[in-house]
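Welcome! Take a moment to look over the sequence and the 3D view, and then we will walk through a few spots together.

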Amino acid sequence: MRAKFAVLLACLVQPCLAAVDDAALVLQAQTDGPLQATHPNARHYGAPWVWVGVKSQTLRLLDDWGRIQKEFTVSTAKNGVGETSGSYQTPRGWHAVCEKLGAGAEANTIIFRRQVTPWKYTPELHVQYPNKDWILTRILWLCGQEPGLNQGGNVDSYDRAIYIHGAGDHVPWGRPSSLGCVRMKNRDVIELFDAVPNGTDVWIDENS
């Protein structure tokens, strides 16, 4: 009788033990390896944001926990950082995406004076106009959030038409080369455009 009871008890307990083992395996899978660093939005805590590193020539897309979801290689201004109108420098500090232009346009579509054109960028076209700062595919138009630094007067990023925008294959990615904007590869700017709504905070950081 005791032997039968022991067998019955084992049959009842075994599924529970198996469930505990499965839970332990799941917990181990979640905690194996180093924890991902977080960089919460210092402007609006708990909101997704974009972090542009001038030193590293990168653009990072972060979620609401401050975890890096994507990292792209970019090209900022060849004249370095600065906010003054006419300097052709990339402005520093906190910005926001104020307008998005070019939705649905094919990669390499030329955007001229903020209008989507029927024309496409080609390497041959660049050879004809080597000094042209081609604005392609998508525009995320930035406005400054810091009065006196990048908002108002002759330091206003929006009035300076500071964009995150697509650019051609001639761009030396990972090196400063633009006239002030943040240049991205066309496929990358499409991905960013689709992921980032108007109002998203953008921090342009000269030291990262």
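## Strands that pair

Two strands count as paired if DSSP finds at least two bridges between them. Keep in mind that the model you are looking at is predicted.

With that in hand, find strand 2 (residues 58–62) and strand 3 (residues 68–75), which pair in the antiparallel sense over five bridges. One of the residues to look for is Thr58, whose bridge partner in strand 3 is Thr73. The two strands form a hairpin, with five residues between them. In the turn sits Gly66, with a positive phi of about 85 degrees.

Strand 3 also has a link to strand 9 (residues 182–185): two bridges join them, and they run antiparallel. Here Ser75 has Arg183 of strand 9 as its bridge partner.

## The annotated active site

Which residues does the UniProt annotation "active site" cover? In this unreviewed entry, the annotation covers His165 and Cys181. They span 17 residues in sequence, yet their C-alpha atoms are no more than 7.4 Å apart, so they gather at one spot. From this set, Cys181 is part of the lining of the largest pocket.

Let us visit each of them. His165 is found in strand 8 (residues 163–167), while Cys181 lies in the loop between strand 8 and strand 9. Is His165 buried or exposed? His165 counts as buried, because its relative accessibility is 0% and the cut-off for buried is under 20%. Cys181 counts as buried too, at 8% relative accessibility.

Their contacts are worth tracing, leaving aside neighbours within four places in sequence. His165 is in contact with residues including Asp133, Trp134, Arg138, Cys181 and Arg183. Cys181 touches Ser75, Thr76, Ala77, Thr90, Ala161, Ile162, Tyr163 and His165. You have met Ser75 already, as the bridge partner of Arg183.

## A buried tryptophan

Now move to Trp141, which lies in strand 7 (residues 136–144). Trp141 is buried, with a relative accessible area of 8%. Not counting residues up to four places away in sequence, Trp141 touches several residues, among them Cys98, Glu99, Arg114, Tyr158, Ala161, Ile162 and Tyr163. Ala161, Ile162 and Tyr163 also appear among the residues that Cys181 touches.

Where does the side chain of Trp141 reach? It reaches the backbone oxygen of Tyr158, at 3.1 Å. Trp141 and Tyr158 are 17 residues apart along the chain, and their C-alpha atoms are separated by 7.1 Å.

Conventions
Residues are numbered from 1 along each chain as its sequence is written. This is a predicted model: local features need pLDDT of at least 70, side-chain atom pairs count only at pLDDT 80 or more; totals for chains, interfaces and linings use all residues. Side-chain values use heavy atoms; hydrogens and water are left out. Helices (H or I, at least four residues) and strands (E, at least two) are DSSP runs, numbered from the N terminus. Buried means under 20% relative accessible area, exposed over 50%, partly exposed in between (1.4 Å probe, protein chains only). Contact means heavy atoms within 4.5 Å. A polar contact is a pair of N or O atoms within 3.5 Å; within protein, one must be able to donate a hydrogen and the other to accept it, and residues adjacent in sequence count only if both atoms are side-chain atoms. UniProt positions are given in the numbering used here, feature names are shortened, and annotations may be inferred rather than shown by experiment. On a 1 Å grid over the protein atoms alone, a cavity is a set of points where a 1.4 Å probe fits but cannot get out, and a pocket is an open set with protein on both sides within 12 Å along at least five of seven lines; lining residues have an atom within 4 Å of a point.
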